[in-house]
Amino acid sequence: MVNNLPYALGLTGGIATGKSTVADYLTRAYGWPILDADLYAREAVEPGSVILEAIAQRYGPSLLNSDGTLNRPQLGDIIFNTPKERQWLEDQIHPFVRERFEQEMRTLESPVVVLVIPLLFEAQMTDLVGEVWVVSCSPEQQLTRLQTRNQLSREAAQARIASQMPLDAKIALADVVIENNGQREHLQQEVDRIVSTRCYKFPQSCTSR
Ligand SMILES: CC(C)(COP(=O)(O)OP(=O)(O)OC[C@H]1O[C@@H](n2cnc3c(N)ncnc32)[C@H](O)[C@@H]1O)[C@@H](O)C(=O)NCCC(=O)NCCS
Ligand SMILES: Nc1ncnc2c1ncn2[C@@H]1O[C@H](COP(=O)(O)OP(=O)(O)OP(=O)(O)O)[C@@H](O)[C@H]1O
């Protein structure tokens, strides 16, 4: 890690376990900036990008909406059901996402930054962060949250969950695990408790990986 970069806290977990909810709270309560892999992954496929062009070449122009943007649900149907195609897409997008994190981190003045990276382990981005927080919830809760938020059938939601590293395996690799099975207020108290026990008040005392 280059000197003078902020201390990076990596937030990951299963799909729809609550990473963005925790990130929103961290920035509201502590003022730490958030950098989000999902936003960079969207930037990677904006109209006019090389990657969107490659997607249209591979799957045909029907993968584009009439305004030239990516038809995300349709690409999701392909990649969350076909591991080889998921791998192809990740090979296109992940180098771009990594590059964007590195760029943005160099511009920050804050002593701490939160990187939200759903595929932190799968995409081997752990070197970007000083420590890893995994947001966890029960399998039933995860399925319900995902189906409700994305309006997905049970089968489609299960396919998305199955396309990621199992949550237990992520928990085993975590420095901090945040249980998110209760109300939002409880989650916030849990986050406050964790922050109070760690080094962020004195980030220079945090050691990099
Ligand atoms: C397939 C796409 C177009 C579906 O878009 P959609 O709007 O439905 O989902 P969105 O991008 O909001 O992602 C929601 C969540 O899905 C999960 N997810 C996304 N991509 C992947 C993947 N390749 N493997 C497993 N889970 C994934 C993450 O938990 C993410 O937070 C999109 O997810 C995508 O481009 N994925 C590939 C890029 C990627 O790997 N992104 C993850 C961040 S590095
Ligand atoms: N403690 C909670 N109480 C009620 N709803 C919650 C709670 N935590 C998260 N949610 C809801 O569950 C859904 C998933 O949460 P969130 O978007 O934070 O997950 P995520 O891990 O960032 O998802 P993704 O992997 O798809 O990016 C959202 O609709 C959010 O509002």
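Which element gives the most to the shell around ligand 2? In this predicted model, that element is α1, which contributes three residues to the shell. Around ligand 2 there are 16 residues, of which Gly-18, Lys-19, Ser-20, Thr-21 and Arg-145 come nearest. Two or more residues of this shell are given by each of the helices α1 (19-30), α6 (139-150) and α9 (184-197). When the shell around ligand 2 is divided by class, seven of its residues are polar, five are charged and four are nonpolar.

The surroundings of ligand 1 were described in a corresponding way. Here the shell comprises 20 residues, and those that come nearest to the ligand are Ile-15, Ala-37, Arg-72, Gly-76 and Pro-118. The elements that supply two or more residues to this shell are α2 (37-44), α4 (72-79) and α5 (83-107), with the largest share, six residues, coming from α5. The shell around ligand 1 consists of eleven nonpolar residues, together with five charged and four polar ones.

The strands of the model include an open sheet of five, arranged in the order β2-β3-β1-β4-β5 and paired in parallel. Its edges are formed by β2 (34-36) and β5 (176-179), each of which pairs on one side only, and the twist from one strand to the next averages 25 degrees. At the edge strand β2, the pairing is with β3 (residues 112-116), to which β2 runs parallel and is joined by three bridges; within this pair, Asp-36 stands opposite Val-116 of β3.

Methods:
Residues numbered from 1 in each chain as written. Chains lettered and ligands numbered in written order. Predicted model: local features only at pLDDT ≥ 70, side-chain atom pairs only at ≥ 80, totals over all residues. Near = placed C-beta within 6 Å. Helix = DSSP H or I, 4+ residues; strand = E, 2+ residues; numbered from the N terminus. Nonpolar A, V, L, I, M, F, W, Y, C, P; charged D, E, K, R; others polar. Pairing = 2+ DSSP bridges. Axes fitted to C-alpha atoms, helices over the stretch in contact; angles between N-to-C directions.
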